[in-house]
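Here's a quick briefing to read alongside the model. Have the structure open and follow along, topic by topic.

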Amino acid sequence: MQTVYDILKNKGRKARIAVMRYRFIGDTLLTVPFLKALRSALPEAEIDVFVAPNSGEVLAHCPYFNRLIFWDTSRKHRYENPLLQSGAIETRRPQNFWQSAQILRAGRYDAVFVLKRSFSSALLAFLAGIPLRVGFNTEARGLFLTHRIAYEMDRHEIDCYLDHLRLTGFPESCFEESCQQGEPALEMFFEAGELEQARETILPYQGKLNILLHLTSSNTAKQWPDEAAKTLLSWLLEQPDVHVHFMGAQSDASLYERLKSELAAQYAGDAALFFEKRLHNWCGQFSIRQSAAVLKHLQLAIGVDSGTMHLARAVEVPSIVLFGPMSEIKWRPPGANVLTHPVDCHPCHLKTPCHREFSCIRDLSADAVIEEAKRQLALIKLKL
């Protein structure tokens with residue numbers, strides 16, 4: 001019996017493949033090793049990747065596919081027409097679910113890899129009439145798939161994505177292409193202008209130790225308590241030549257301004273002014289891609305489990321990630337150093353109500369984070 005790989009490789013024409021993985025920044029970045037392996041195995045295939053309009057920006061200029069299609073699913077069971085990215089972005093009017101399936105059908109895809117686990121994404125691939133439909137066998141989606149992949153909560157998400165290829169006949173050699181030092185690696189690709197603009201942003205602080213401190217998440221249950229954050233922030237500012245940078249959405253800015261104000265109250269006169277000049281709040285000032293380009297010029301990133309920390313690892317910044325209710329085994333940014341506070345209910349994956357006030361993250365001590373930061377800074381200084 002022919003495998004999915006055999007069928008696609010032996011097409012009399014270039015195989016047409018769709019990959020569906022839209023929504024969050026971190027999830028989208030975690031598809032890069034999958035896309036690299038897919039392109040390595042089928043270098044001549046035409047590969048289209050469906051992503052959300054904002055988080056999908058992290059895949060722009062990636063060489064492992066032919067076309068990035070922005071697919072807006074912000075409303076339940078409602079879809080936008082794809083926005084085709086080919087130099088410029090073409091905006092189209094919203095369509096309903098069935099019309100979106102028709103648009104997908106018009107792509108005449110030979111296969112689709114449905115990396116998203118929603119019921120509607122598998123149904124959409126089925127209604128589009130795509131002959132080979134590979135996806136996770138969860139949430140009663142198996143009915144709409146031709147090849148069902150088991151989803152494992154105790155394996156890294158990247159490995160679960162790669163199972164779509166491993167279990168459908170793709171050669172082992174293609175997986176080696178997606179690894180660095182034996183571990184799948186995240187990547188981002190930039191135009192020269194993006195990196196030059198970022199370099200100019202950081203230029204006033206060149207020669208200093210520039211550190212990201214990221215304390216916000218789309219789910220507040222993942223966030224670290226303010227008091228612990230202030231202790232860490234105070235320690236960082238006591239280190240010679242350290243500048244601390246905050247990044248995120250405009251809505252995150254107030255948290256950092258409050259921390260700055262509370263910290264300044266602990267000092268007086270020139271000391272307060274000295275510390276103020278070493279704190280830089282960039283929230284709301286950069287796009288996702290601009291943030292990643294600026295991150296590329298920093299020496300260390302410390303933060304909670306979030307898309308921003310995946311961005312940091314995608315641009316190879318040494319990172320310390322603070323994990324709470326989610327599994328670090330499954331969601332750790334590749335190459336990051338992870339800190340957790342052990343409790344017997346960890347990880348709960350936020351699937352059940354918490355009766356411990358999320359002690360898994362709230363009881364993670366500032367001292368533990370400072371010790372790891374000391375270790376990382378010592379390594380960084382050796383390389384400078």
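Let's start with a surface detail: glutamate 196 has a relative accessibility of 34%, so it counts as partly exposed. Keep in mind that this is a predicted model. From glutamate 196 we go to its salt-bridge partner, then to other charged pairs, the six-stranded sheet and the nonpolar cores.

**A pair within one helix**

- Glutamate 196 makes a salt bridge with arginine 199, with 3.1 Å between the closest N and O atoms.
- Helix α8 (residues 192-202) holds both arginine 199 and glutamate 196, which sit three residues apart, or about one turn of the helix.
- Arginine 199 is partly exposed as well, at a relative accessible area of 32%.

**Salt bridges that reach further along the chain**

- Searching the whole structure turns up 25 salt bridges.
- In one of them, the side chains of arginine 16 and glutamate 46 come together at 2.6 Å, N to O.
- Arginine 16 belongs to strand β1 (residues 16-20) and glutamate 46 to strand β2 (residues 46-51), so this pair ties together parts that are 30 residues apart in sequence.
- Arginine 16 is buried, with 17% relative accessible area, while glutamate 46 is partly exposed at 28%.
- Arginine 117 and glutamate 157 form another salt bridge, their closest N and O atoms lying 3.2 Å apart.
- Here arginine 117 comes from the loop between β8 (111-114) and α5 (119-127) and glutamate 157 from helix α6 (residues 157-166), so the link ties together parts that are 40 residues apart in sequence.
- Glutamate 157 is buried, with a relative accessible area of 0%, whereas arginine 117 counts as partly exposed at 24%.
- There's also a network of salt bridges, which links Glu152, Arg155, Asp159, Asp163 and Arg166.

**The six-stranded sheet**

- Six strands make up an open sheet with parallel pairing, in the order β15-β14-β13-β16-β17-β18.
- The edges belong to β15 (279-281) and β18 (337-339); each has a single partner strand, so one side of each is left without a neighbour in the sheet.
- On average, neighbouring strands in this sheet are turned by 20° against each other, direction ignored.
- Strand β14 (residues 242-246) runs parallel to β15, and three bridges join them.
- Within that pairing, histidine 245 has histidine 280 of β15 as its bridge partner.
- Helix α9 (residues 226-238) packs on the sheet and touches β13 (209-214), β14, β15 and β16 (300-304). The direction of α9 makes about 140° with that of β14.

**Strand β16 and its neighbours**

- How many residues of β16 are buried? Five of its five are, which leaves the strand mostly covered.
- Cover comes on both faces of β16: Leu300, Ile302 and Val304 are buried on one side, and Ala301 and Gly303 on the other.
- That split follows a general pattern: in a regular strand, side chains alternate between the two faces of the sheet.
- β13 runs parallel to β16, joined by four bridges, and leucine 213 stands opposite isoleucine 302 in β16.
- β16 also pairs with strand β17 (residues 319-322), again in the parallel sense and over four bridges.
- Glycine 303 has valine 321 of β17 as its bridge partner.
- To get from β16 to β17 the chain passes through helix α13 (residues 307-314), and this β-α-β crossover is right-handed.

**Nonpolar cores**

- The largest nonpolar core counts 69 residues, and Phe34, Leu38, Phe113 and Phe170 have the most contacts inside it.
- Helix α3 (residues 32-41) supplies the largest share of this core, with six residues.
- Leaving out neighbours within four places in sequence, the contacts of phenylalanine 113 include Phe34, Leu38 and Phe170, along with Val4, Ile17, Val134 and His164.
- A second, separate core has 37 residues, among them Trp235, Val244, Leu279 and Ile361.
- As a general background point, nonpolar side chains tend to be buried together in soluble globular proteins.

**A buried threonine**

- Is threonine 31 buried or exposed? At 2% relative accessibility, threonine 31 counts as buried.
- Threonine 31 sits in the loop between α2 (25-29) and α3.
- Setting aside residues up to four places away in sequence, threonine 31 touches Arg21, Leu59, Leu115 and Tyr161.

Technical notes:
Residues numbered from 1 in each chain as written. Predicted model: local features only at pLDDT ≥ 70, side-chain atom pairs only at ≥ 80, totals over all residues. Heavy atoms only, no water. Pairing = 2+ DSSP bridges. Helix = DSSP H or I, 4+ residues; strand = E, 2+ residues; numbered from the N terminus. Axes fitted to C-alpha atoms, helices over the stretch in contact; angles between N-to-C directions. Contact = heavy atoms within 4.5 Å. Buried < 20%, exposed > 50% of the residue type's maximum accessible area, 1.4 Å probe, protein only. Right-handed = clockwise from strand over helix to strand, strands pointing away. Core = buried A, V, L, I, M, F, W, Y, C linked by side-chain atoms within 4.5 Å. Salt bridge = Lys/Arg side-chain N within 4 Å of Asp/Glu carboxyl O.
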